[in-house]
Amino acid sequence: MARILYVEDELDVAALVLAYLADQYTVTHVTTLHAAIAVVSADHDYQAIVLDLLLPDRVGLRTYMDMFAAVKGFSPPVPIVVLTGTEVVAGLDFPGGGRYVYKPEALPDNLLTALAAVISG
C-alpha cells in the first residue's frame with residue numbers, strides 16, 4: 001500500500017480526508033510544515049505528500065516552496081498534491097509537477113484522482 005504524508009492543521013478536515021484515504025493508502029498525518037519536513041527527512045519512503053497551504057508555521061505558496069525544497073533531491077522524487085480552500089493557486093505551475101485540489105468541495109474523487117496520477121507518474 002502506498003504511503004502518503006498528509007499535512008493539515010484543521011482537525012475536522014483532516015478526519016474527513018483521512019477517512020477517504022484509509023482504504024487505499026497508509027497515511028501519516030501531521031499538523032505543521034516543520035513536522036512534515038522532519039518526518040519526510042527522516043523517512044524518504046513516501047509516495048506522495050498532500051499539503052495544505054495555510055498552516056500554523058507557514059502560510060501561502062511559501063508553504064509549497066519550503067516543502068518542495070525539502071524533498072526535491074530525493075530519489076525517487078516525492079510528488080506534492082496541494083489540498084487548499086483558496087483559489088489563489090488556480091493556473092499556477094508548481095515546481096516538481098505539483099498538483100492542487102480544492103477542499104472540501106472536490107473531495108474525495110478529485111483528491112484520489114490526483115494522488116493516483118502523481119503516484120503512477
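Tyr 64 is buried in this predicted model, because its relative accessibility of 1% falls under the 20% limit. The ring of Tyr 64 is stacked with that of Phe 68, with 6.1 Å from centre to centre and 5° between the planes. The stacked label applies because planes under 30 degrees apart are assigned to that class. By the rule used here, the count of aromatic pairs is one. Tyr 64 and Phe 68 both belong to helix α3, which covers residues 61-71. Their spacing of four residues in this helix means that about one helical turn separates them.

Charged side chains form the next topic. The count of salt bridges comes to four. Three of these contacts are set out below, each with the separation of its N and O atoms.

| Acidic residue | Basic residue | N to O distance |
|---|---|---|
| Asp 45 | Arg 3 | 3.8 Å |
| Asp 66 | Arg 58 | 2.7 Å |
| Asp 66 | Arg 62 | 3.1 Å |

Helix α3 also holds Asp 66 and Arg 62, which are four residues apart and therefore separated by about one helical turn. Asp 66 takes part in a salt bridge with Arg 62 and in another with Arg 58. Asp 66 counts as buried, at 15% relative accessibility. Its two partners are classed otherwise: Arg 58 is partly exposed, with a relative accessible area of 32%, and Arg 62 is partly exposed at 49%. The value for Arg 62 keeps it out of the exposed class, because that class requires over 50%.

A further group of charges involves Arg 3. Salt bridges link Arg 3, Asp 43 and Asp 45 in a network. Within this network, the side chains of Asp 45 and Arg 3 meet at 3.8 Å, N to O. Arg 3 lies in strand β1 (residues 2-7), whereas Asp 45 is located in the loop between α2 (33-42) and β3 (48-51), so their salt bridge ties together parts that are 42 residues apart in sequence. Asp 45 is partly exposed, its relative accessible area being 43%.

Arg 3 has an aromatic contact as well. Its charged end sits over the ring of Tyr 46, at 4.2 Å from the ring centre. Arg 3 thus combines this placement over Tyr 46 with membership of the salt-bridge network that includes Asp 43 and Asp 45.

How values were computed:
Residues are numbered from 1 along each chain as its sequence is written. This is a predicted model: local features need pLDDT of at least 70, side-chain atom pairs count only at pLDDT 80 or more; totals for chains, interfaces and linings use all residues. Side-chain values use heavy atoms; hydrogens and water are left out. Rings of Phe, Tyr and Trp (its six-membered ring) pair if their centres lie within 6.5 Å; planes under 30 degrees apart count as stacked, over 60 as edge-to-face and the rest as tilted. Helices (H or I, at least four residues) and strands (E, at least two) are DSSP runs, numbered from the N terminus. Buried means under 20% relative accessible area, exposed over 50%, partly exposed in between (1.4 Å probe, protein chains only). A charge sits over a ring if NZ of Lys or CZ of Arg is within 6 Å of the ring centre and within 35 degrees of the ring normal.
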